[in-house]
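This report considers how a protein chain is divided, how its parts meet, and which local features stand out. The structure is shown first.

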Amino acid sequence: MADPLLDDVGELLREAAAKVVVPLFRRLDIADIAEKAPGEVVTVADRRAEELISAELRRLRPGSVVVGEEAVADDPGLLRHLRGGGDVWLVDPVDGTSNFAAGRRPFALMVALLTDGEQVASWVYDPLAGTLASARAGEGAYLDGTPVRTTGPAPAVGALRGTAMTRFLPPDARRAAEAGGRRIGELLPGQHCAGREYLDMLTGDQQFVLFWRTLPWDHAPGTLLVREAGGVARRFDGAEYHPADDDRGLLVAVSEEVWTEVRAALLDG
């Protein structure tokens, strides 16, 4: 059954990618790239895409609030809306900006909708792959319009494939994860694009991903996708993920069983 909201926002991301983002890929000048924080860059594509997406989201839901990555860089106080009432959009106009700025793939466009503080819908679009994932809370996840589930018999630990962003972990946790990674079939270093990591769980290319830094626009879209497909998204201590929580550490897996196996291998030492 068609879902107008999922369709409208999905089409908006395709439009923003086609009009703003993809035309600038591998065509940026030095003046189009700036450092907004140590080690973090922003491009003219990020800013233009966020402006376009934000304006259209406000039109789709009059009275809604947009909390965009670049807007928050200018006004961190916008984050207070993640626990507020009404409709709040989280926007990552170009997820994987460091890849994009360097002329590498992957990168993605991502949006999540919160209503009265709860995650209710999300979208992740990889424009170069042409892959769009979307989800509605309680109604499932979709990959290019087709329902998708990640549940099923869990592979043995030695056959699991997933990503651990160990570079950002505290030293003790990093050593434990690297040592435990030897028990995992294939432990990947990460693609510098959270959106693509989440898409790869939906496609079956990997079964888990572990992060330390958890900025809300990076993870609110993907965590809802994985949950609605049958997976789990929890903090290292087992607490359920919420985008307003200013915590570190997130383990997302395609099923409860995989989450438990990976946590034991990488976090329990």
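Leaving aside its neighbours within four places in sequence, which residues is valine 209 in contact with? The model is a predicted one, and in it valine 209 is in contact with Thr163, Glu197, Met201, Leu250, Leu251 and Val252. Valine 209 belongs to strand β12, which spans residues 208-211. Its relative accessible area is 0%, so valine 209 is classed as buried, a class that requires a value under 20%. Leucine 187 is 22 residues from valine 209 along the chain, and the C-alpha atoms of these two residues are separated by 9.5 Å.

**Domains and their interface**

The domain assignment of the chain gives domain 1 (4-148) and domain 2 (160-267). Between the C-alpha centres of the two domains the distance is 21 Å. Domain 1 contributes 41 residues to the contact and domain 2 contributes 27 residues. Together the domains bury about 2,500 Å² between them, with 66% of that area on carbon and sulfur atoms. On the side of domain 1, Arg83, Gln119 and Val124 lose the most area to domain 2, and together they account for 21% of what that side buries.

The polar part of the interface comprises 13 residue pairs in polar contact, with both residues at pLDDT 80 or more. Several elements of domain 1 give two or more residues to the side that touches domain 2, including α3 (69-74), β4 (87-95), β5 (108-115) and β7 (131-136). The element that gives the most to this side is β6, with seven residues. By residue class, the side of domain 1 that touches domain 2 divides into 23 nonpolar, 10 polar and eight charged residues.

**Salt bridges**

Side chains of opposite charge can pair when their charged atoms come close. In the whole structure a search finds 16 salt bridges, and the count between domain 1 and domain 2 is two. Three pairs that link distant parts of the chain are tabulated here.

| Pair | N to O distance | Separation along the chain |
|---|---|---|
| Arginine 136 and aspartate 3 | 2.9 Å | 133 residues |
| Arginine 83 and aspartate 245 | 2.5 Å | 162 residues |
| Arginine 196 and aspartate 126 | 2.8 Å | 70 residues |

For the pair of arginine 136 and aspartate 3, the arginine is in strand β7 and the aspartate is in the segment before α1 (4-24). Arginine 136 is partly exposed at a relative accessible area of 22%, whereas aspartate 3 counts as buried at 14%.

Arginine 83 is located in the loop between α3 and β4, and its partner aspartate 245 in the loop between β13 (232-234) and β14 (250-253). The relative accessibility of arginine 83 is 53%, and this residue therefore counts as exposed, the limit being over 50%.

In the remaining tabulated pair, arginine 196 lies in helix α6 (residues 194-203) and aspartate 126 in strand β6. Both arginine 196 and aspartate 126 are buried. Elsewhere, salt bridges that share partners join Arg227, Arg234, Glu240 and Glu256 into one network.

**A buried threonine in a loop**

Is threonine 150 buried or exposed? Threonine 150 counts as buried, because its relative accessibility is 14% and the class takes values under 20%. This residue is found in the loop between β9 (146-148) and β10 (161-164). The side chain of threonine 150 reaches the backbone oxygen of valine 254 at 2.7 Å. Not counting residues up to four places away in sequence, threonine 150 touches Met201, Leu202, Ala229, Gly230, Gly231 and Val254.

**Backbone geometry**

Most residues other than glycine have a negative phi, and most peptide bonds are trans. Against that background, the peptide bond from arginine 105 to proline 106 is cis, with omega near 5°. Proline 106 lies in the loop between α4 and β5.

Which phi value does aspartate 116 have? Aspartate 116 has a positive phi of about 50°, although it is not a glycine. Its place is the loop between β5 and β6, and at 52% relative accessibility aspartate 116 counts as exposed. Histidine 192 also has a positive phi, near 60°. Histidine 192 lies in the loop between β11 (186-188) and α6 and is partly exposed, with a relative accessible area of 42%.

Notes:
Residues numbered from 1 in each chain as written. Heavy atoms only, no water. Domains from an automatic or database assignment. Contact = heavy atoms within 4.5 Å. Buried area = accessible area lost by both parts, 1.4 Å probe. Salt bridge = Lys/Arg side-chain N within 4 Å of Asp/Glu carboxyl O. Polar contact = N/O pair within 3.5 Å; in protein donor to acceptor, adjacent residues only side chain to side chain. Helix = DSSP H or I, 4+ residues; strand = E, 2+ residues; numbered from the N terminus. Nonpolar A, V, L, I, M, F, W, Y, C, P; charged D, E, K, R; others polar. Buried < 20%, exposed > 50% of the residue type's maximum accessible area, 1.4 Å probe, protein only.
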